[in-house]
Amino acid sequence: MDAFLRQNEAWEYVKSIADAKERLLTEIAVAKALSFLVTDSEYRRTFEKAPVDLLLYARTVHALFRHSDVLRGVLDGVITSIGDLDPFPRST
């Protein structure tokens with residue numbers, strides 16, 4: 001049994017993302033998850049019972065990037081500092 005479900009489909013999905021920033025971030029997130037899970041002893045012990053659906057993971061991560069106004073603001077350069085995130089800015 002494979003340690004991950006639909007791994008090829010996940011990479012095909014990542015390649016199909018039109019927005020370059022979202023594609024790169026999704027690719028990094030999927031690659032990091034893979035490298036972590038491959039070396040995680042707990043996951044290796046349990047993957048036969050519940051392997052990660054990598055396509056589901058990739059689509060979820062991409063949805064987070066695509067639908068997060070704050071993240072979009074950082075990527076687009078609108079939010080440029082931690083202070084921009086504070087809903088109650090302190091006067092200086």
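Buried residues account for 27% of the 92 residues in the protein chain. The model on display is a predicted one, and the tour below moves from the whole chain to single residues.

**The whole chain**

Begin with the complete chain in a cartoon representation. Its secondary structure amounts to five helices and two strands, and from the N terminus the order of the elements is β-α-α-α-β-α-α. Rotate the model along its principal axes: the C-alpha atoms fill a box of roughly 60 × 30 × 15 Å. The radius of gyration of the protein chain is 17 Å, whereas a compact globule of 92 residues would have one near 12 Å. If contacts are displayed, consider those with a sequence separation of 6 or more; residues 24 or more positions apart account for 70% of them.

**First stop: R6**

Select R6, which is found in the loop between β1 (4-5) and α1. The backbone merits attention here. Most residues other than glycine have a negative phi. The phi of R6, however, is near 50°, a positive value in a residue other than glycine. With a relative accessible area of 40%, R6 is partly exposed.

**Second stop: helices α1 and α4**

Next select helix α1, residues 7-16, together with helix α4, residues 54-67. The axes of α1 and α4 come within 7 Å and cross at roughly 25°. Because angles under 35 degrees count as roughly parallel, α1 and α4 are placed in that class. To see the contact itself, show the side chains of Q7, E9, A10, Y13 and V14 in α1, which meet L54, L55, A58, R59 and H62 in α4. The residues of this contact divide into six nonpolar, two polar and two charged.

**Third stop: helices α2 and α4**

Keep α4 selected and add helix α2, residues 20-39. How do α2 and α4 pack, and at what angle? The angle is about 140°, and the axes lie 9 Å apart. The two helices, α2 and α4, are therefore oblique to each other, and their crossing is right-handed. On the α2 side, the contact is made by E22, L25, T26, A29, V30, A33 and L34. On the α4 side, the residues to display are L54, Y57, A58, V61, H62, F65 and R66. By class, the contact of α2 with α4 has 10 nonpolar, two polar and two charged residues.

**Fourth stop: L25**

Within helix α2, centre the view on L25. L25 has 24% relative accessibility and so counts as partly exposed. Draw a distance from the C-alpha atom of L25 to that of V61: these residues are 36 residues apart along the chain, and their C-alpha atoms are separated by 8.7 Å. Leaving aside residues up to four places away in sequence, L25 touches F65 and L75.

**Final stop: K21**

Move along the same helix to K21, which has its place in α2. Is K21 buried or partly exposed? At 37% relative accessibility, K21 counts as partly exposed. Which residues does K21 touch, not counting those up to four places away in sequence? They are R72, L75 and D76. To finish, draw the C-alpha to C-alpha distance between K21 and L75, which is 7.5 Å for a pair 54 residues apart in sequence. L75 is also touched by L25, so selecting K21, L25 and L75 together brings both of these contacts into one view.

Technical notes:
Residues numbered from 1 in each chain as written. Predicted model: local features only at pLDDT ≥ 70, side-chain atom pairs only at ≥ 80, totals over all residues. Heavy atoms only, no water. Axes fitted to C-alpha atoms, helices over the stretch in contact; angles between N-to-C directions. Helix = DSSP H or I, 4+ residues; strand = E, 2+ residues; numbered from the N terminus. Parallel < 35°, antiparallel > 145°, perpendicular 65-115°, else oblique. Left-handed = near helix turned anticlockwise from the far one by under 90°. Contact = heavy atoms within 4.5 Å. Nonpolar A, V, L, I, M, F, W, Y, C, P; charged D, E, K, R; others polar. Rg over C-alpha atoms; globule rule 2.2 N^0.38 Å. Buried < 20%, exposed > 50% of the residue type's maximum accessible area, 1.4 Å probe, protein only.
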